[in-house]
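Here is a short report on helix packing and nonpolar cores. Look over the sequence and the structure before reading on.

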Amino acid sequence: MKAVVFDMDGVLFDTELVCMKAWVAIAEKWGLPRMEEIFPLCIGLNANDSKRIVLDAYGEDFDYPGFRQETSDWFQEYIRERGLPIKPGVRQILEWLATTGYPVGLASSTKRSSVLSHLRQAGFEEYFSTVVGGDMVEHSKPQPDIYLLACRELGVRPEEAYAIEDSPNGIRAAYRAGMHPIMVPDMIAPDEEMRRLSRAIFGNLEEVRRYLAEADLDAGRSCIV
C-alpha cells in the first residue's frame, strides 16, 4: 500500500451527530415530518445528491437552499459555542502516518471550503497532501468519483490506497473506486454488505493505527473485528 485517504465527518470529527441535530431542529421549526428517517439517507452524500433525497421526500417546490442555510447556521453556532468535536485517536494516527512516508489525503462530501476550515480549526491541515470536497465532483459517495480524484491527486492507483470511512455510502464509494476500505462505524452500524465490502472494520482509529502498523501489507491480510 502507498497511501491513506480519510473521510472527514464521522471519522476525523464527530460532526454527523451535530448535523443530524441541526437538520432535526430546523425540520421541527419548519413543521417537516420524518427528518429522523430522511437525514441518515443523506450521510456521506454531497449537497447535490442530498438535495434529490430531500426533494423526493418533501416535494419539488421545497426550499432546499433555505433549509440548508438554516441548518448550516445552526451547525456553525453550535461549533462556535462548544468547539469542533474531534474523534478519539485522530491526532495520533495522523502523526504516526506522518512518520511512515504515506501520502495522506482527505475525501469528504462536505464542500472543500468547509473541510479546510475544519482542518485549520483543529490544526490538522498540515497532515494532508490533498483535500477533495464534495463540490469538486458532480456526484459524491456512493459513486467513486471523489476517491478516484483523491488518488489521482496523490499520484497513486486506487488499489494502492486505503480509505478510512464511517458510512455505508463512503464504503461503497471506496470499494467501487477499487480501493481498500476500512470502516470505523459512527452513526450507522455495519451490516453484511459492509462486512463484505470492507477490508477491515474497527471500533476506533487507534485500532486502525495498530492494524496499519502491524498488518503484513504486502500479503494483503484481511480481518474483520
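## How α5 and α10 pack

α5 passes α10 in a left-handed crossing. The model is predicted. The axes of these two helices, α5 and α10, come within 8 Å. They cross at roughly 20°. Angles under 35 degrees count as roughly parallel, so α5 and α10 are roughly parallel to each other.

## Residues at the helix contact

Which residues of α5 meet α10? On the α5 side they are Val90, Gln92, Ile93, Trp96 and Leu97. On the α10 side, Leu205, Val208, Arg209, Leu212 and Ala213 meet them. By class, this contact has eight nonpolar residues, one polar residue and one charged residue.

## The largest nonpolar core

The largest nonpolar core has 37 residues. Inside it, Phe6, Leu12 and Phe128 have the most contacts. Several elements each supply at least two core residues. Among them are the strands β1 (3-6), β2 (104-107) and β4 (161-165). The helices α4 (64-82), α5 (90-100), α6 (112-122) and α10 (205-214) do so too. α5 gives the most, with five residues.

## Around Phe128

What does Phe128 touch, leaving aside its neighbours within four places in sequence? Phe128 is in contact with Phe6 and Leu12, which are also listed with Phe128 for the most contacts inside the largest core. The other contacts of Phe128 are Leu94, Val104, Gly105, Leu106 and Leu119.

## A second core

A second core is separate and has 18 residues. Val132, Tyr147, Cys151 and Ala163 are included in this second core.

Terms used. Residues are numbered from 1 along each chain as its sequence is written. This is a predicted model: local features need pLDDT of at least 70, side-chain atom pairs count only at pLDDT 80 or more; totals for chains, interfaces and linings use all residues. Side-chain values use heavy atoms; hydrogens and water are left out. A nonpolar core is a set of buried Ala, Val, Leu, Ile, Met, Phe, Trp, Tyr and Cys residues joined through side-chain atoms within 4.5 Å. Buried means under 20% relative accessible area, exposed over 50%, partly exposed in between (1.4 Å probe, protein chains only). Helices (H or I, at least four residues) and strands (E, at least two) are DSSP runs, numbered from the N terminus. Contact means heavy atoms within 4.5 Å. Axes are lines fitted to C-alpha atoms, for helices over the stretch in contact, and angles run from 0 to 180 degrees between N-to-C directions. Angles under 35 degrees count as roughly parallel, over 145 as roughly antiparallel, 65 to 115 as roughly perpendicular and the rest as oblique. A crossing is left-handed if the near helix is turned anticlockwise from the far one by less than a right angle, and right-handed if clockwise. Ala, Val, Leu, Ile, Met, Phe, Trp, Tyr, Cys and Pro count as nonpolar, Asp, Glu, Lys and Arg as charged, and the others, Gly among them, as polar.
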